[in-house]
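Look inside this model for enclosed space. Keep the structure open as you read.

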Amino acid sequence: MMNNLDDLKKIQELDPTGMLKAEEDFYEQLIEAQNIAKNADLLKLNSCEFKGVAILGMGGSGFSADIIKTLVADEIKVPVEVVKGYDLPAFVGKGWLVVAVSYSGNTEETISALNQAIGRDAYILIECSGGKLKDLAEKSGYSTLNIPSGLQPRGAIGYLFFPVYLAMDTLGLIDIDESDVKEALDLIKEKASIYNRKTLTTANPAKQLAVKIGDRLPIIYGTEGIYSALSYRLKCEINENGKTPCWWNNFSELNHNETVGWERLSGITSSFILIAFRDPEAHQKMKTRIEVTLGQIKSNVAEIVEIPVEGHSKLAKALSAMYLGDIASVYLALLTGVDPTPVVKIESLKAELAKLD
Ligand code: F6R
């Protein structure tokens, strides 16, 4: 299976700003993120009783909120609200911890919702690599998780998600098991040694997934919980890195509507590829739902690919399954001769909106 994914010179040419390198360094990012969390000054928040946690963020930064919400759902005793937009819900205010996550520090929706939180006297934690949020944090003395700049937000997911997750442990909102962290980090280290550019396609599941997607339109199916967040993440990664349209949905909600929609237009859907996550420890009812549904849809799509989920802890499962998809989306760009880094449509819209300020 020789293709341009095994041609290191070609990869270098197509990826001058190093999106693949950012993915290959995911393990190192997580290790550095642990240090950022450990060294962060959270004293102002340390002995607070929080009524709830609202995590604000858009796109690659907002994904931190999605993954954290699903990771902590089984144990956290207060509500976790994900805010992806300009406005805070009315119930978020005094006594809530509001975490504003923006890689650039300049995302206007996040800044708007943060200003509302400040106006309502919420406890504030900011995570950014610079921009207006960094200025605000310095000026007003808010607790801050300062992360390194110079990457695309989506390529900085280790820096974005992990310090906030670990800070929630420091602040007593959750109790992270150290053995889960070790399992996750060990698994990511092992996967990095397999998914990197030097491993040929024949032995590299990330390159293989990219090849399977190729010119087909991917549809990602997750399940409520971590795989919902991961499905959405994979969809966004395929959009932004692979410059490819992609849609997603969740079991079991899709069993109540979307499955029926596969009955028409099979001439079009025959060039789709369906990607689903397979967790061997899923509830039997969920396994049956997935098995029966994929059987029902099989003849309407070109191929069904199941991503085998590895690990035992939720953290290890989430990070390793996300990692495969993230790096595969970069390989998809390279396979199709595209630079994975630029997001021209996002940048030009932001520039247009900035003219209104
Ligand atoms: C670009 C990307 C985007 C940004 C989003 C918000 O790589 O992933 O989805 O994350 O436009 O910008 P930030 O993360 O700077 O707040």
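A cavity here is a set of grid points where a 1.4 Å probe fits but cannot get out. Its volume is the space filled by probe spheres set on those points. The model is predicted. A search of the whole structure finds two cavities of 30 Å³ or more.

Start with the largest cavity. About 40 Å³ of space lies in it. Where is its lining drawn from? Helix H11 (226-240) and helix H14 (314-335) each give at least two residues. H14 supplies the largest share, four residues. The full lining is Leu230, Arg233, Leu234, Phe277, Ile307, Ala321, Met322, Gly325 and Asp326. Sorted by class, these are six nonpolar, one polar and two charged residues. Gly325 belongs to the polar group, because Gly is counted there. Arg233 and Asp326 line this cavity, and both residue types count as charged.

Now turn to the second largest cavity. It holds about 30 Å³ of space. Two helices each contribute at least two lining residues: H2 (19-24) and H3 (26-39). Ala22, Glu23, Phe26 and Gln29 are among the residues that line this cavity. Arg154, Gly155, Ala156 and Ile157 also line it, as does Asp326. By class, the lining has four nonpolar, two polar and three charged residues.

Which residue should you find in both linings? Follow Asp326. Asp326 lines the largest cavity, and Asp326 also lines the second largest cavity.

How values were computed
Residues numbered from 1 in each chain as written. Predicted model: local features only at pLDDT ≥ 70, side-chain atom pairs only at ≥ 80, totals over all residues. Heavy atoms only, no water. 1 Å grid on protein atoms, 1.4 Å probe; cavity = no way out; pocket = protein on both sides within 12 Å on 5 of 7 lines; lining within 4 Å.
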